[in-house]
Amino acid sequence: MSAAKHKNAGFDGAVIPASSFAFDVKDANLILAHLIFSFIALFLGALAGLLQALVRAGYIVLPPMLDYYQLLTAHGVLLALVFTTFFIIGFLYSGVVKTLDGKMLASARSWAWWGFYLMLAGTIMAAITILTNDASVLYTFYAPLQASPWFYIGLVLVIVGSWFSSIAIFINYAYWRRTHKGEVSPLFAYMAVATMILWIIATIGVAVEVIFQLVPWSLGWTPRINVALSRALFWYFGHPLVYFWLLPAYIYWYVNVPRIIKGKVFSNTLPRLTFILFILYSVPVGFHHQLNEPGISNFWKFLQVVLTMIVVFPSLMTAFAIIGTFELAGRSQGAKGRFGWIRKLPWGDVRFLAPVLSMLMFIPAGAGGIVNASYQMNQVVHNTLWVTGHFHLTLATSVVLTFFGISYWLIPVLTRRTLTPGANKLGIVQSVLWIAGMLLLGITMHIVGLMGEPRRSSFSTYNDHATALSWLPYMYVIGIGGVLLFISVMLFLFAAVYLMYYAPRTDQPAEYPIGEVDESTQHPPLILERWSLWIAVTVVLVLVAYAVPIWHLMQTPLATWSPPVRTW
Amino acid sequence: MELPRYEKIWLITGSITLVIFLVLLGIMGFAMGFNPSGHMKTIAPDQVGATPPFDKPGLFTVADKEYRAVMQAKVFAFLPGEMTIPAGSKIHFEVTSPDVVHGMYIAGTNVNMMIVPGHISEFTHTFNKPGDYLILCNEYCGSGHHLMLGRIIVQ
């Protein structure tokens, strides 16, 4: 490798110089442990996904020892809950360490390891119950389907473990604030704290559901369960969960990507405001997942629809800021004309290409989300494959592809290795394959969903009903999309293992990219860092949106609650 | 707070669009009566078979071309499983579950109801076009979920 290349490990004009900063081995091991476990979950979840896509298209029939709904449960739990949570926490640790004095405090590190082991133990417990077919309740585990108590106890351990992880981040942040009086906290750390505050507020709902309703009921201590209440508590958590997935991707787009493209962070204030808006308006909105349900009156459903739509503001602000950053970066490099800046961007660097493809896909994906939450329009798409298509474009494309892009530089930074031109090319092929697979799978799911095909259903022609038969050709396309996606995951995992263990070692790994804040932007107002205020406002909004309908659900007579049922 | 001029235009345009959109949704819902399925009535799930009107599920005539469909969604069938009506008929669906959560979706229509045990779901729909409508369960309910179906024949 030439000396010039060594100084700038970026491709196609990206700026990623070598750096003398290296993670403390203890921090690197902590972060790598999270990433490695997330990749194991990714592999198993993707395998389940491949089999599902093939079954659903009618290409294969499962052997009797495997059930479609067992695979579906594994796919959802491993990818939506386990892969995301472990990866996100690992990534947030990395940026928190990098931007807050370069090292994690010893006390924070022990909280972090406790969190890791609790989540690991919980995941293994839940995975065993899924494997023995004692928990085919899908990742939403709707009562009165009753799984093994160990499934629910495993979930509790995962949730509580993630709280320990949050504490690790809060400890580092609080220490930095104490030792840097009067300074504005680094943007990455601020966003990491906001993400974990959102996570804690959100998980309280599912923790109450699991600890106070599902666990005692599955152990036989309580004979009946208030099903409608459990659903409301689940969705109190279920929607902010999607923002917990999204915000780390936003962090990468806002904070890290500008550095890679020779740009600057657009503003030091607006991104913070964006994250505050996500905390405020991600929780009091869960009823938009329950619009077609009995037990919640139209007034409360509609109120939460209105609150849901406020997400349009942080989304528009982000779209503006990110594209603005790109344009300014291109122009600062001498781009001419209205769109000349587009050609100045480093399309040949996977660390840029992967997140940009994610952003592009987020535009139609977000528009679909507005349809889902639109009160009446929801009836057209609710529980059809449209919804599955929606979160395969949002979570599985916009978020997960961004996580892939992060991995291509984060792993070699942690292992003090080099992202070689070959690995970069592999990453580009893998990202493009991912988009191709998701377009086939996700777009087709939207179309056939509009025609009525239900989500979460095994292969069925419904007694050869003409309507159901008309969906079949679309399912063939979805099956092919699933195969492409599985190949893409395998390529990614191959690259990840290479970057972890086999890529050339270097004393000076590539820089951990943190965008510089544009000097001309104002100092963020201090009020944005007064977390107690924002948490208080969130609590008020939650009470406004939820207190009355939850109180109402709690009043339903015991006779209307449900005994346990096992139907699989 | 510093906001570039173009961002102001961008956000104001977005806000105005959003307000118009939400007002339209509200008018459609609360002035024109287009609300999703739901309702607030409760029932004991293990007593569904003994609780009128669900003890005798069926299609009942209310008036000319107007019916009441009293239904159970249960593992893994709809009761009644088949209904025949003349084109242009309006059906008031009243559905409950004696066991787990189900979905009741009629492909090609806006009938898309969550059936939660302990509660009664209601929705009204007019079937204008003749045809063989497929009713299916679109909320996972167990190993036979994908076999749970019914039909409405509109003549």
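**Figure 1. Long-range contacts and overall fold of chain A in the predicted model.** In this predicted model, 85% of the contacts in chain A between residues at least 6 apart in sequence join residues at least 24 apart. The secondary structure of chain A consists of 18 helices and zero strands. The radius of gyration of chain A is 23 Å, which agrees with the value near 24 Å expected for a compact globule of 568 residues. Along the principal axes, the C-alpha trace of chain A spans about 70 × 55 × 45 Å.

**Figure 2. Burial, surface and charge in chain A.** Of the 568 residues in chain A, 65% are buried. The chain exposes about 19900 Å², and carbon and sulfur atoms supply 71% of that area. Chain A carries 31 positive and 19 negative side chains. The centres of these two sets of charges lie 4 Å apart.

**Figure 3. Surroundings of Ser407(A) in helix α14.** Ser407(A) belongs to helix α14 of chain A, which covers residues 385–415. With a relative accessibility of 1%, Ser407(A) counts as buried, because the cut-off for burial is under 20%. Which residues are in contact with Ser407(A), leaving aside its neighbours within four places in sequence? Three of these contacts are phenylalanines, namely Phe39(A), Phe87(A) and Phe492(A). Pro412(A) and Leu499(A) complete the list.

**Figure 4. Asp101(A), a residue with positive phi in the loop between α3 and α4.** Most residues other than glycine have a negative phi. Asp101(A) is not a glycine, yet its phi is positive, at about 65°. Asp101(A) is placed in the loop that runs between α3 (68–99) and α4 (106–131) of chain A. Is this residue, Asp101(A), buried or exposed? Asp101(A) counts as exposed, with 51% relative accessibility, since the cut-off for exposure is over 50%.

**Figure 5. Tyr462(A), a residue with positive phi in the loop between α15 and α16.** Tyr462(A), a residue other than glycine, has a positive phi near 50°. The loop that holds Tyr462(A) lies between α15 (421–450) and α16 (466–469) of chain A. The relative accessible area of Tyr462(A) is 2%, and the residue is therefore buried. Asp101(A), shown in the preceding view, is exposed, whereas Tyr462(A) is buried.

**Figure 6. Architecture of chain B.** Chain B has one helix and ten strands. Read along the sequence, the helix comes at the start of the pattern and the strands follow, as α-β-β-β-β-β-β-β-β-β-β. The radius of gyration of chain B is 20 Å, well over the 15 Å that the globule rule gives for 155 residues, so chain B is more spread out than a compact globule. The C-alpha atoms of chain B fill a box of roughly 65 × 35 × 30 Å along the principal axes. Of the contacts in chain B between residues at least 6 apart in sequence, 59% join residues at least 24 apart.

**Figure 7. Burial, surface and charge in chain B.** Buried residues account for 52% of the 155 residues of chain B. The accessible surface of the chain comes to about 6600 Å², and 62% of it belongs to carbon and sulfur atoms. Chain B has 10 positive and 12 negative charges. The mean positions of the two sets are 7 Å apart.

**Figure 8. Annotated regions of chain B.** An unreviewed UniProt entry places a "transmembrane region" at residues 12–34 of chain B. That span, residues 12–34, is 87% helix and 0% strand, with its end C-alpha atoms 29 Å apart. UniProt, again in an unreviewed entry, places the feature "domain: Cytochrome oxidase subunit II copper A binding" at residues 55–155 of chain B. Residues 55–155 are 0% helix and 57% strand, and the end C-alpha atoms of this span are 28 Å apart.

**Figure 9. Two cis peptide bonds in loops of chain B.** Most peptide bonds are trans. The bond from Pro52(B) to Pro53(B) is cis, and its omega is near 0°. Where is Pro53(B) found? Pro53(B) is in the loop between α1 (5–31) and β1 (58–63) of chain B. The bond from Leu79(B) to Pro80(B) is likewise cis, with omega near -10°. Pro80(B) is found in the loop between β3 (77–79) and β4 (82–85).

Terms used. Residues numbered from 1 in each chain as written. Chains lettered and ligands numbered in written order. Predicted model: local features only at pLDDT ≥ 70, side-chain atom pairs only at ≥ 80, totals over all residues. Heavy atoms only, no water. Helix = DSSP H or I, 4+ residues; strand = E, 2+ residues; numbered from the N terminus. Rg over C-alpha atoms; globule rule 2.2 N^0.38 Å. Buried < 20%, exposed > 50% of the residue type's maximum accessible area, 1.4 Å probe, protein only. Contact = heavy atoms within 4.5 Å. Areas by Shrake-Rupley, 256 points an atom, 1.4 Å probe, with all protein chains shown as cover. Lys, Arg positive; Asp, Glu negative; His and termini not counted. Charge placed at Lys NZ, Arg CZ, Asp CG, Glu CD. UniProt positions renumbered as here; feature names shortened; annotations may be inferred.
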